[in-house]
Number of protein chains: 4
Amino acid sequence: MKEFEEMLHTLHPPSEEKKLTPKQEQILKAAVEVFAEKGYASSSTSEIASRANVAEGTIFRHYKTKKDLLIAIVKPFMRGFAVPFFAARFVQDVFDVPPEKLEDLLKTLIKNRFEFVKENAPLLKIVLQELAFHSELKDQFQEVFIQEIFPKFEEAIYHLKEKGAVVDFPNPTMIRMIMSPIIGFLVTRFLIAPDLPWDDEKELDQTVHFIMHGLSKGTGSSSD
Amino acid sequence: MKEFEEMLHTLHPPSEEKKLTPKQEQILKAAVEVFAEKGYASSSTSEIASRANVAEGTIFRHYKTKKDLLIAIVKPFMRGFAVPFFAARFVQDVFDVPPEKLEDLLKTLIKNRFEFVKENAPLLKIVLQELAFHSELKDQFQEVFIQEIFPKFEEAIYHLKEKGAVVDFPNPTMIRMIMSPIIGFLVTRFLIAPDLPWDDEKELDQTVHFIMHGLSKGTGSSSD
Amino acid sequence: MKEFEEMLHTLHPPSEEKKLTPKQEQILKAAVEVFAEKGYASSSTSEIASRANVAEGTIFRHYKTKKDLLIAIVKPFMRGFAVPFFAARFVQDVFDVPPEKLEDLLKTLIKNRFEFVKENAPLLKIVLQELAFHSELKDQFQEVFIQEIFPKFEEAIYHLKEKGAVVDFPNPTMIRMIMSPIIGFLVTRFLIAPDLPWDDEKELDQTVHFIMHGLSKGTGSSSD
Amino acid sequence: MKEFEEMLHTLHPPSEEKKLTPKQEQILKAAVEVFAEKGYASSSTSEIASRANVAEGTIFRHYKTKKDLLIAIVKPFMRGFAVPFFAARFVQDVFDVPPEKLEDLLKTLIKNRFEFVKENAPLLKIVLQELAFHSELKDQFQEVFIQEIFPKFEEAIYHLKEKGAVVDFPNPTMIRMIMSPIIGFLVTRFLIAPDLPWDDEKELDQTVHFIMHGLSKGTGSSSD
DNA sequence: TATGAATGAGCCTTCATTCAT
DNA sequence: GATGAATGAAGGCTCATTCAT
């Protein structure tokens, strides 16, 4: 479980993005900035161009369309986010690990994804904003999350339920419960109040605690 | 606690919205539709006008600006959402209620807000989308949520902590943990997959369960 | 046969074009000018706008597309050109008239169309230029010429052949032979050298002479 | 008269075009294709480049300008078309030939030009389309047709009139009458309906017949 | 009050042309 | 000589906003 980094390169070798020319990189960087700042629809290619120190035409030489540019930005982010889940490891670990270590397992996973988002906070914003309006992004989301990640989650949850380790809610509900606090944290941490003096380690611990206890079978404080 | 409805009218008498002419209502309704469908920036006043069966000029007679129209839509929604929290009752109840009834209390609150959102799902979408880009909306949000609702929450949490009923996380963290699963549910329920055959009652119960256990002091499934 | 003018209004009452607002007329007039001068593809809507003393946006309020503007110009011209042929009169006259008056008949027809083109010379240019590249125009041409005019011609030719008045070439060939010198004259007269001191009456007489003799059965200069 | 082929090489030795590099040939070929398909103004150098399997820059190495490319295409075609008329032979033949062979003479000439156009149909289209808009092409046309061909025609016509073989129309009118049916045929044959099952020999015969009779002094079928 | 024609700034995109490699 | 990335001017079109009626 310590080697997430390795997995990152399993499916999509890092060389993939290295093909970018300097101009392309400037464009992508500028586009991420502007899209995140103003939203896709309110961003103008001319502003992106000038922030990228590039002629406007240059953008369209590399990305046929403004939307193509958006996709070129969002797709790798989604795939990148999903990479760790592709590993067979993920489910196996849940299966192998003793109950009292589950919390550590979850934390490792979250921590890793947290770091990924930390490096790409503006992209998180762009995805959350634009997913709602572009079917191309929805498709990509479908492909990555619903077809790849969710099944893994379901498998893991299945094991946990069998072990009697967790409450017996429907799978989609449980997945939602796992993800909501995480997303809630990420959004607060990086989008709403990135300038607060965060103690990330502590917040993550508490979030994991919250999720684990929330899904626990016992009745929490109101015993019984 | 059964009389939330009354509170709704406490601060903002219902007469307020009655000043709307029929044309205005058509415009607002159409605008909500279009904004939710395409996002504010990608919506055109001409489409709103034609959906409202109104001349384009008419929109600008009532709302000086496209953005004014957005605000006219979002502001009442935010205020409406916050209304129940204005009641002194809210904190008092938390203080009075016996620990084993806390879950019911939370559920009543959530249920009520759930119904409110249910009637205004497109507005939820608009708020979540546009909050990020319009300082006028952020101000309004600040005013309503941070200045009104959050302090109430903090007070309630203070009581709970005193009672030893909940874990001792920082207040903002706890508020986030309470709200994340709720928002997660609302977004899934109304925006992502509104067409699934939802059992709202059950989902709400489970969400409350999740939150309460998540915040409980006990160690959840990994007992001890 | 003297009342072609009346026929002009038979099918398409003149009121039809009267719906045009002043701005629309300015736009159409300017567009005809510019299209004829530079060709459709090399004309810019901004130049049309400024020649029409109208904002560029105004063009697009009336004609959704640059191409729509082209069609709005060409369609009425084609229909207008075809109008006389719609009359039942046309074929009947050919049938009734004695052989020695055929030349007069043809001349009346040509003269009339000549006047029509004279009023719309730039439009003739536009049609001849753009017909080759726009399927919408081809369709319109098909509809008007091939479906309406050509059949009338064929009928007339059928009568003439029966009378033994003309040579027995295939119908399409004969139609081409009738039209080529006419078009050749129109193009030379209005497009290639409009500034020459033309004696239109004489040219028309000679063109008719040429066509009639060209189609005659006799062997012309060689022999009798 | 059988040796038109020889004339072809009289003024412009065939070697002239042999200087073309393979790339240049590909470019010219592609340009002819694209120009004919879409018209000069709507053709993009990038499409020409890709059809020619050549980098876009390569076009501009050989032809400084898009328009230069057009001229490089059109000029040789015009000159090529005019070549036979340069021969002194042309007028002499008209002078020498007995009246009853005039038709054959004309047919030989037409047939020969017909074959030339047949090999270069797209070029005919390009010339007819672009002549109207490019003064460089008009100049070239002037140079070739008005200064070279027309005088030859006038001379020939002068002879014919002297012989009393033809009607006494003004020279320009007669030239127009000779050329209109020919151009009408070429345009129909190669541009409008190239896919019809043409009997070229017959059409040419009939066209010649039509011209000769059209210009004959007699009154054709309607004797007198 | 309501209308809708008119505006013109600004947007995305295309394209001929240049130039460093 | 050949390439193709880069340019930036110009084009068609959209849209929020104004205003005379």
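Biologist: How many residues of chain B are in contact with residues of chain A, and what makes two residues count as in contact?

Modeller: In this predicted model, 37 residues of chain B touch 38 residues of chain A. Two residues are in contact if their C-beta atoms, placed from the backbone, lie within 7 Å. On the side of chain B that touches chain A, helix 10 (171-192) and helix 11 (200-215) of chain B each supply at least two residues, and helix 10 of chain B gives the largest share, nine residues. That side has 15 nonpolar, 16 polar and six charged residues. Nonpolar covers Ala, Val, Leu, Ile, Met, Phe, Trp, Tyr, Cys and Pro, charged covers Asp, Glu, Lys and Arg, and the others, Gly among them, are polar.

Biologist: What conventions apply to the numbering and to confidence?

Modeller: Residues are numbered from 1 along each chain as its sequence is written, while chains are lettered from A and ligands numbered from 1 in the order in which they are written. As the model is predicted, local features need pLDDT of at least 70 and side-chain atom pairs count only at pLDDT 80 or more, whereas totals for chains, interfaces and linings use all residues.

Biologist: Why is the relation of chain B to chain A called a two-fold axis?

Modeller: A turn of 180 degrees with a shift of 0.0 Å along the axis lays chain B on chain A with an RMSD of 0.1 Å, which is the relation of a two-fold axis. The superposition is by least squares on the C-alpha atoms of residues with pLDDT of at least 70 in both copies. Of the residues of chain B, B:G214 comes closest to the rotation axis, its C-alpha lying at 1.8 Å.

Biologist: How do you know that the copies meet through the same surface?

Modeller: Of the interface residues of chain B, 97% are also interface residues in chain A, so the copies do meet through the same surface.

Biologist: Which turn and shift lay chain D on chain C?

Modeller: The turn is 180 degrees and the shift along the axis 0.0 Å, with an RMSD of 0.1 Å. In chain D, D:G214 has the C-alpha nearest the axis, at 1.9 Å. Here 95% of the contact residues of chain D recur in chain C, and the same surface serves both copies. The contact between them takes 37 residues from chain D and 36 residues from chain C.

Biologist: What makes up the secondary structure of chain A?

Modeller: Chain A comes to 11 helices and zero strands. Helices (H or I, at least four residues) and strands (E, at least two) are DSSP runs, numbered from the N terminus.

Biologist: How do you know that the span of helix 7 of chain C agrees with its number of residues?

Modeller: Helix 7 (residues 102-119) of chain C has 18 residues, which at 1.5 Å a residue should span 26 Å, and its end C-alpha atoms are 26 Å apart. The expected span is 1.5 Å times one less than the number of residues.

Biologist: Which residues of helix 7 of chain C are called buried, and where do they lie around the axis?

Modeller: C:L102, C:L106, C:L109, C:I110 and C:V117 are buried. They cover an arc of only 90 degrees around the axis, which puts them on the same side of helix 7 of chain C. The arc is that of the directions from the helix axis to the C-beta atoms. A residue is buried if 20 or more other C-beta atoms lie within 10 Å of its own, exposed if 12 or fewer, and partly exposed in between, with C-beta atoms placed from the backbone. The buried residues pack against helix 8 (121-130), helix 10 (171-192) and helix 11 (200-215) of chain C. On the face turned away from the buried side are the exposed residues C:D104 and C:E119.

Biologist: Why is C:N53 called exposed?

Modeller: C:N53 has 11 other C-beta atoms within 10 Å, and 12 or fewer make a residue exposed. C:N53 lies in the loop between helix 3 and helix 4 of chain C, with a positive phi of about 55 degrees although it is not a glycine. Most residues other than glycine have a negative phi.

Biologist: Which residues come nearest to DNA strand E, and what makes a residue near a strand?

Modeller: A residue is near a molecule or strand if its C-beta atom, placed from the backbone, lies within 6 Å of it. Of the 34 residues around DNA strand E, B:A55, B:G57, B:T58, C:G57 and D:T45 come nearest. The surface near DNA strand E divides into six nonpolar, 17 polar and 11 charged residues. Around DNA strand F there are also 34 residues, of which A:G57, A:T58, C:K66, D:A55 and D:G57 come nearest.
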